[in-house]
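Colleague: I am new to this structure and should be grateful for guidance on how to read it. Might we proceed feature by feature?

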Amino acid sequence: MTNFDEKLKELWDATKPKLSDVEKAALRARFWAKMKAKRSRLFAYAIATAAVVVLALVATLNIEFHKNDEIILPVEISEYDLYEDFAYVSADTLLLELVEEEPDEVIELVAEQVDDAELLSMLTPDEREEILSMLENSL
Amino acid sequence: MKEPDSQNEEAQLVHKAKQGDKEAFDALMLMTQDYVFRLAYRMLDNKDDALDVMQEAFYRAYRSLKSFRGDSSFRYWVETIATRLCIARYRKKRIFVRIEEIVGLGKEPEQDNLDSEKESRILQDALGTLTPRERAALVLQMEGGKSIKEIANTMGVAEGTVKALIHRAKEKLYKKLRKYFKR
């Protein structure tokens, strides 16, 4: 076998496969092109993943906002707050705000609902006299 | 054995490549690609397959460069990756070659014009009779000048197994090549 080993070694060395300089350069160029393509794919995948995560987060938070609206809004505008807001506003101003500067319709509506006898009983004798004189003058 | 200067140069390139220096990794490829190509070609007997394996070996090396501790040389590391890829690919390839032989679709031997090409074909045909592991062990010894222990480490098998693989490989080659050597 020793003789065979030597001959095999000779044949082996005489037939060494070689790459040309062009092939070597092409191999390395292909390697970097492949790396770039893989990086691009990874980058695109990362962006797509991030987008999905952001969308999922937004969707979740949006649902939470709606939940909060349902719970908080009725509490925020409480009757107490309304009372506080309107307590220091005059009746005339309120009336004007409500009827948009056309109070006649409201006055008529209120007058229809009020019992005249009850209203008169609430007046002082001087106020009654004043109203009666106003009515006489208008007639 | 490599010269100390060469080892230092390689270590510096590996250090730079680990920090993301592409030119350093390119230089490492340039230093090792001839050897890795010869290994892959001897094991696979096909230039395109050899180039594919080389590319994959370098890609795997680049991807896991940060885990490379530098206990061995970069060349040895890539050689190990390439050898294992070659064994896996050669196993698959042999299955297809056998099927082609059985159904009569085997390729006609190429007509080589030059003497060196004829010699190369004779050797490659003889290597084609070996099993993937026999071929890998023999190629590592003949091409890389590796010791039994180094081959065992590269292939991930016991030293005794490597001895047996090389012995069987040479016996098979002897049967195939003795007529040629007698001429």
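Modeller: The discussion that follows takes up a contact between chains, a nonpolar core and a helix. Please note that this is a predicted model.

Colleague: How many residues does the contact take from chain A and from chain B?

Modeller: Chain A contributes 17 residues to the contact, and chain B contributes 21 residues. On the side of chain A that touches chain B, helix 1 (2–14) and helix 2 (21–76) of chain A each supply at least two residues. The residues of that side comprise 10 nonpolar, 1 polar and 6 charged.

Colleague: Which residues of the largest nonpolar core touch the most other members?

Modeller: The core has 43 residues, and those touching the most other members are Ala40(B), Met54(B), Ala82(B) and Ala137(B). Helix 2 of chain B gives the largest share, 10 residues. At least three residues come from each of domain 1 (1–107) and domain 2 (112–183) of chain B.

Colleague: What does Ala137(B) touch, not counting residues up to four places away in sequence?

Modeller: With those set aside, Ala137(B) touches Ile151(B), Met155(B), Val162(B), Leu165(B), Ile166(B) and Ala169(B).

Colleague: How should one read a helix, and which residues of helix 7 of chain B are buried?

Modeller: An α-helix has 3.6 residues a turn, so residues three or four places apart point the same way. In helix 7 of chain B, the buried residues are Ile151(B), Ala152(B), Thr154(B) and Met155(B). They lie on the same side of helix 7 of chain B because they cover an arc of only 165° around the axis. Just after this helix, Gly156(B) adopts a positive phi of about 70°.

Methods. Residues numbered from 1 in each chain as written. Chains lettered and ligands numbered in written order. Predicted model: local features only at pLDDT ≥ 70, side-chain atom pairs only at ≥ 80, totals over all residues. Contact = placed C-beta atoms within 7 Å. Helix = DSSP H or I, 4+ residues; strand = E, 2+ residues; numbered from the N terminus. Nonpolar A, V, L, I, M, F, W, Y, C, P; charged D, E, K, R; others polar. Core = buried A, V, L, I, M, F, W, Y, C linked by C-beta atoms within 7 Å. Buried ≥ 20, exposed ≤ 12 C-beta atoms within 10 Å, placed from the backbone. Domains from an automatic or database assignment. Arc of directions from axis to C-beta.
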